[in-house]
Amino acid sequence: MSIPDDLLLDLAAMVESEQTNQMSLTVVVHGAVITGRLAPESVWRQRVAEVLRDSDQLGPFAEIFSAPGRDRQSGGAPSHLHFHVARILQGTLGIPETGGMYRIAVKDVGAWTVGDFSYSDK
């Protein structure tokens, strides 16, 4: 989407301002369907840093995620959506099964809907 949807930007800004991670959202980005919950950037960064710190090989990268985000320093509308417990829907599968952490540029969202799509192996 070359011009970000104002309504989507409002949702993202509300998640950021209220520091809530309960807003379920599904987006289509370059044909991929990603479903999960939005998180404030600071919460998302903290969680990614924790995962990296627990890794012997990736621990040094944790510091990058511990720094404040550049997006919110400007005080403008969020430029990215930060998903946690998110899955890429592929047929009847959600990848990864347990959910992952995704950062998606708002400008790349082609379609979206409120809610978290379920998937089934049956």
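**Entry 1: Ile 104 and its surroundings**

I started with Ile 104 and listed its contacts, skipping neighbours within four places in sequence: Val 27, Val 29, Ile 34, Ser 79, His 80, Leu 81, Phe 83 and Val 109. A caution for myself before going on: this is a predicted model.

I looked up where Ile 104 sits, and it is in strand S4. Buried or exposed? I got 6% relative accessibility for Ile 104, and the cut-off for buried is under 20%, so Ile 104 counts as buried.

I also checked one of its contacts, Leu 81, by C-alpha distance. Ile 104 and Leu 81 come out 5.1 Å apart in space, with their positions 23 residues apart in sequence.

**Entry 2: overall make-up**

Next I stepped back to the whole protein. I count four helices and five strands. Reading from the N terminus, I noted the element order as α-β-β-α-α-α-β-β-β.

The chain has 122 residues, and 32% of them are buried. I also looked at contacts between residues at least 6 apart in sequence: 60% of these join residues at least 24 apart. For the surface I have about 7,300 Å² accessible, with 55% of that belonging to carbon and sulfur atoms.

**Entry 3: the sheet**

Then I traced the strands. The five of them make an open sheet, ordered S4-S3-S2-S1-S5, and the pairing is antiparallel. Which strands stand at the edges? They are S4 (93-105) and S5 (109-114); each has a single partner strand, so one side of each lacks a neighbour in the sheet. I get an average twist of 35° from one strand to the next.

I picked one strand pair for a closer look. S1 (residues 23-29) and S2 (residues 32-38) run antiparallel to each other and are paired over seven bridges. As a sample bridge I took Ser 24, whose partner in S2 is Arg 37.

Two helices went into my notes as packing on this sheet. H1 (residues 6-18) touches S1, S2, S3 (80-90) and S5, and I have its direction at about 60° to that of S5. H2 touches S3 and S4, and its direction makes about 125° with that of S4.

**Entry 4: salt bridges**

I moved on to charged pairs. How many salt bridges does a search of the whole structure find? It finds five. I wrote up three of them.

The side chains of Arg 103 and Glu 41 meet at 3.4 Å, N to O. I like this one for its reach along the chain: Arg 103 belongs to strand S4 and Glu 41 to helix H2, and the two are 62 residues apart. I then compared how covered the two partners are. Arg 103 has a relative accessible area of 36%, so I put it down as partly exposed. Glu 41 has 2%, so that one is buried.

The next is Arg 47 with Glu 50, also listed at 3.4 Å, N to O. Both are in helix H2, and because they are three residues apart there, about one helical turn separates them. Arg 47 is partly exposed at 40% relative accessible area, and Glu 50 is partly exposed at 32%.

My last pair is Asp 116 and Arg 87, whose side chains meet at 3.2 Å, N to O. This pair also links distant parts of the chain: Asp 116 lies in the segment after S5, Arg 87 lies in strand S3, and they are 29 residues apart. Asp 116 is partly exposed, with 34% relative accessible area; Arg 87 is buried, with 11%.

I then checked for shared partners. Which residues do such salt bridges join into one network? I found Glu 41, Arg 45 and Arg 103 joined.

**Entry 5: a nonpolar patch**

I ended on the surface. Leu 58, Phe 61 and Ile 64 form a nonpolar patch there, and together they have about 290 Å² of accessible area. I looked up Leu 58 in particular: its place is in the loop between helix H2 (41-53) and helix H3 (62-66). At 40% relative accessibility, I have Leu 58 down as partly exposed.

Terms used
Residues numbered from 1 in each chain as written. Predicted model: local features only at pLDDT ≥ 70, side-chain atom pairs only at ≥ 80, totals over all residues. Heavy atoms only, no water. Patch = residues over 30% accessible without salt bridge, like charges linked within 9 Å, V, L, I, M, F, W, Y side chains within 5 Å. Areas by Shrake-Rupley, 256 points an atom, 1.4 Å probe, with all protein chains shown as cover. Salt bridge = Lys/Arg side-chain N within 4 Å of Asp/Glu carboxyl O. Buried < 20%, exposed > 50% of the residue type's maximum accessible area, 1.4 Å probe, protein only. Pairing = 2+ DSSP bridges. Axes fitted to C-alpha atoms, helices over the stretch in contact; angles between N-to-C directions. Contact = heavy atoms within 4.5 Å.
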